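Biologist: I'd like to learn how to read a helix and a charged pair in a model. Could you walk me through it?

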Amino acid sequence: MTLLTTVFAAVICTVIWYKGAPKSEMKVGVLCWMYWGASLMWLVDAIFEYAELHEEYFTPAPADMLNDFYLGLSVVALGLVIWLIILLVKDPKGVVKAALFRKKN
Amino acid sequence: MACFLVPAAEAVVTTIATKVMKSKEANPETVKVQLDGAELVEEEKIPFSRKLGWLNKLLWGGSALLAFEHVWHGEVVPWFPFLTAASNPADAAEMLHEMSTAGVTMAVLVTAVWAGMLIVSSVIEKRAKKALPAES
């Protein structure tokens, strides 16, 4: 469930990035890299788990599924927070700078 | 248990390599390409350091989110020795086994996907050059 949630987040971010490309004013690319990186790593985790559990892997207990989904959502939220910090620090549109330094008339 | 440490270690190495490469790279080569099939525009060819940056971002991003998962499961703690499995030899052995199997596979898969991206980008670059009308 965590893998699935992250893959969906990665796909949505990639579509948003593609729509805005080649401009990257919102730095959506950061989110794409982060979510795809995590998805690939969780894919490996899933393969190892499947090798251990076999068909049981596809029939998780509802409580486990809910916990994994909760984790997946938390991971997506953490990714968004990291992205927001990078966006505000790099400030590609100069919004933060403009808010900090007002023009003197 | 601590599988994310392997791709994180790779990320450290590739980040250093990127910084070194960036400082040694000369001015990027410029090529004329048709981006939207209409006008010819002069674009800079992506230097290898930037392509290596893609791998950095994949590795750092993935490792950060996986580290959070380990915190969630109580496998990483904010006090010494930081990894709960490191507190006794039996768990430590299991952790090292997981790092050498799942951790290494994660690093290899991410690197393989990045290598695939390099091949695809090189093919796109070559096609863009070939599609150009002969310069008079």
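Modeller: We'll take one helix and then one salt bridge. This is a predicted model, where local features need pLDDT of at least 70, side-chain atom pairs count only at pLDDT 80 or more, and totals for chains, interfaces and linings use all residues. Residues are numbered from 1 along each chain as its sequence is written, chains are lettered from A and ligands numbered from 1 in the order written, and side-chain values use heavy atoms, without hydrogens and water.

Biologist: What span does helix α1 of chain B reach?

Modeller: Helices are DSSP runs (H or I, at least four residues), numbered from the N terminus. The expected span is 1.5 Å times one less than the number of residues. With 20 residues (5-24), α1(B) reaches 29 Å between its first and last C-alpha, close to the expected 28 Å.

Biologist: Which residues of α1(B) are buried?

Modeller: Buried means under 20% relative accessible area, exposed over 50%, partly exposed in between (1.4 Å probe, protein chains only). Pro7(B), Ala8(B), Glu10(B), Ala11(B), Thr14(B) and Thr18(B) are buried. They fall within an arc of 150 degrees (directions from the helix axis to the C-beta atoms), so they line one face. The face turned away carries exposed residues, including Val13(B) and Ile16(B).

Biologist: And where is the salt bridge?

Modeller: Side chains of opposite charge can pair when their charged atoms come close. The rule wants a Lys or Arg side-chain nitrogen within 4 Å of an Asp or Glu carboxyl oxygen. Lys51(B) and Glu125(B) meet at 3.4 Å, N to O. Lys51(B) lies in α2 and Glu125(B) in α3 of chain B, so the pair ties together parts 74 residues apart in sequence.

Terms used
Helices (H or I, at least four residues) and strands (E, at least two) are DSSP runs, numbered from the N terminus.
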